[in-house]
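Visitor: I'm new here, so could you walk me through this one? Let's have a look at it together.

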Amino acid sequence: MNHLKKTALALLFTSAIIKSAAAQDILSYVDPNIGTAHSRWFFYTPAAVPYGMAKLAPSTNGHYGNASGWEAVGYDTRQNSIEGFVHFHEWQVGGLSYMPTTGKLITQPGDLERKTPGYRSGFDRKNQIAQPGYYKVLLDDYKITAELTATKRVGFQRYTFPKSNEAHVILDVGNKQGESDIVTDASIRMIDDTHFEGFINTYPKYVKIYDPSGKVAMYFYGEISKKPKSITAFTAERIKPNQRIAKGKGAGLALNFITSANEKIEVKTGLSYTSIKNARNNFMAEAGKLSFEKAKMLAQTTWRQELGKITVEDADINNKTKFYTGLFHALLGRGIASDVNGNYPMHAGQTGKLPAVKPGQLKPEFLNTDAIWGGFWNITQLWSLSYPQWYGSFVNTQLQLYKDKGWFGDGIANSEYVSGVGTNFVGLAIAAAYQTGIRNYDVNLAYKAVKANELNYKNRPVGSGKLDTKAFVKYGYVPFFDQTGRDFVTDSTGSNFAGSHTLEYSYSAFAAAQMAKALGKSNDYQELIKLSNGWRYLFNPHNKLMQPKRANGNFIENFDPYQAWRGFQEGNAVQYSFYVPQNPGGLIDAIGKENFNKRLDSIFTVSEAQGFGGGKTIDAFAGINSIYNHGNQPNLHISWLFNFSGRPWLTQKWTRMIGEEFYGIEPIHGYGYGQDEDQGQLGSWYVLNALGLFDVKGFTDLRPVIEIGSPLFKKAVIQLGTGKKLTIETQNNSAQNVYVQSATFNGKKLDNCWFYRADLMKGGILRFVMSSQPNKNWGTHTPPPSAQ
């Protein structure tokens, strides 16, 4: 071999090592423990792959469930005992907990304070490792090391036991887990010496409210690496030694072993929402001969690939940790519900089949998903930037639901409506997908469904939300009625949340109007664009606030703009008065530009002292009475509104500061203090914010734009969904130098604080020069388009 060939090979080898090290570094910047105080059921699931069905995690309090169906439950950093390791973690979906123990067999988890006997174990977080795709912990009571990993639909657990004549692996299927609420039926049985199968049926609180005839079923097929010495069956009422099957409430099996010191026992479990047969098929397809180590390696390789679609360079480790942890949560949040063969769960335990895809087209998956409320200011923008296959899966899921049930679902669990918010922005999200070029679906069907979501109300089921559509179409706004002992009431005549509903429906009508215009449906466009101005009915010219109205046209009396829940869902009039994303220019004109800028700037100045949320109170709704609440969806766009009001340097200032102050790197100060991180939405917002790219309109315009903020990193390289590459470079960037002095895109001077998204998606180099002082002449000449 000649010298040149040797040198070339050496360079290739060195490059491979550097790339591998860089990929490994990406995982090291993800800390799943951030924000684990008061976190939701689906938040802390490190042993998973992006959008996996199998999401394994330790549970400190999961079997307690929760009273309202949505509160923090599962893993809490303030609790110091583990009751099991659970496989299913989705919105309203939870079940299948395993726990290794030694000593006398106990079949109940016991209480959190450990005052009554239970199999839960204490642990020390010094002996805990949480990474994308992997979790490890030492269970102090038993001296057992537990490890977790996963493929898309198969969960892997590995236990390292001490020497013991009484070692157990407890398979708990009959107790509620997380948000799933009560188990209505369950079964588990050994098929042979090392294989088991079963199912769990639950009736979650939100299914009970929004889709009463539905249910959530989970199926499993598992394999344990060692034949048990004996098997004990149990239920809530009794323990049955030497039995191989258990059914009903509290059902489970204890697999009993004699173990030598440091002996490893592995369990891998195929999951499905449709049948035991499909759980087995998923198992065989993804993990039939796969070892724990190989599964871990594959899971982490997948995470490196997906996280690596956006690479950033920065000397500040905290910034990179926030960024990649946010991206991790964005890619973890929702989970597939379809099997390897394309089966997916339909209503009431039925099974459907996803349609075949065209050659060369990515196969969409059917997703379980919380509502997309506010998601247009974070997750959908991130999807359309670099992860269009997941946006396509979301759209196809909702269109399949429309075909099956006749309506979109605000939020869904196994095709059951689990609304939660009740306003249903699915149509807006689909319209935006169309405008961004994501069209791997029947466009005509999609438009028909989008239009129906905005205008149809006859026989509309409660779980599809927007029950006040008839009133909105009739009046142009949603009339307010008093609660008089009734909370969360919406019907064909109006709503307790009439103010926020009017603003939200106006925005989604705009999105549908733009899709109609793109498809040449001029009559529909005129009807929908008129409804998009519904906000004008609520704008009170005297106080310059959005004030709900009654059906007689009068503003509500005894109006307190700081009062949450009266007319405004999860917020108040001060927060919602900026909720006109479809026409920021119109809102600015109505308030008056100078007044608008002073008011909005002062809101952020005051809110800074509260960390841009609810201060240090550990509660999801801590900020709903404040004037700005970054911990919830309605406010996520307003720091970008200065781009429309001639002061883009204030968008640069406040967006950078929100990223610095609201977001933390600690278990308690993560996303605010115990705020509500809905399936990766707040994490997605941080990612977009740190890149300095955002759209107030959520890409609903006929010709979407990108607005510019304050890019955080020295350099960011983004693999775009188009296959192109976008590089964002900054000069003189620092914690103090947050203001854009000048910008170029592909060598051409960029004078505006926005440009068209289609240009961005062609790729290239976006360069910024930064400074500690604002350049009040940059980006002010032409504001981003408002009404179209």
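Visitor: Before we start, which residue with a positive phi follows α8?
Guide: This is a predicted model, where local features need pLDDT of at least 70, side-chain atom pairs count only at pLDDT 80 or more, and totals for chains, interfaces and linings use all residues. Numbering runs from 1 along each chain as its sequence is written, and side-chain values use heavy atoms, with hydrogens and water left out. Helices (H or I, at least four residues) and strands (E, at least two) are DSSP runs numbered from the N terminus. Right after α8 comes a residue with phi near 90 degrees, and that is Gly437.

Visitor: Is helix α8 largely enclosed or left open, and why?
Guide: Buried means under 20% relative accessible area, against over 50% for exposed and in between for partly exposed (1.4 Å probe, protein chains only). In α8, residues 426-435, the buried ones include Val426, Ile430 and Tyr434. Because 10 of its 10 residues are buried, α8 is largely enclosed.

Visitor: Which helices help cover α8?
Guide: Here contact means heavy atoms within 4.5 Å. What covers the buried residues of α8 includes α6, α7, α9 and α11.

Visitor: Which strands stand at the edges of the open sheet?
Guide: Two strands pair if DSSP finds at least two bridges between them. The sheet has 6 strands with mixed pairing, in the order β19-β34-β35-β39-β36-β37. Two of them have a single partner strand each, so one side of each lacks a neighbour in the sheet: β19 and β37.

Visitor: Which residue in β37 stands opposite Thr744?
Guide: Strands β36 and β37 run antiparallel, joined by 2 bridges. Across from Thr744 you'll find Lys749.

Visitor: Which helix gives the most to the lining of the largest cavity?
Guide: On a 1 Å grid over the protein atoms alone, a cavity is a set of points where a 1.4 Å probe fits but cannot get out, and lining residues have an atom within 4 Å of a point. The whole structure has 7 cavities of 30 Å³ or more, and the largest has a volume of about 80 Å³. α5, α17 and α18 each supply at least two lining residues. With 4 residues, the top contributor is α17.

Visitor: And which strand has the largest share of the second largest cavity's lining?
Guide: That cavity has a volume of about 70 Å³. Its lining includes Lys215, Tyr273 and Glu416. The largest share, 3 residues, comes from β13.

Conventions. 1 Å grid on protein atoms, 1.4 Å probe; cavity = no way out; pocket = protein on both sides within 12 Å on 5 of 7 lines; lining within 4 Å. Points joined across faces, edges and corners; volume = space filled by probe spheres on them.
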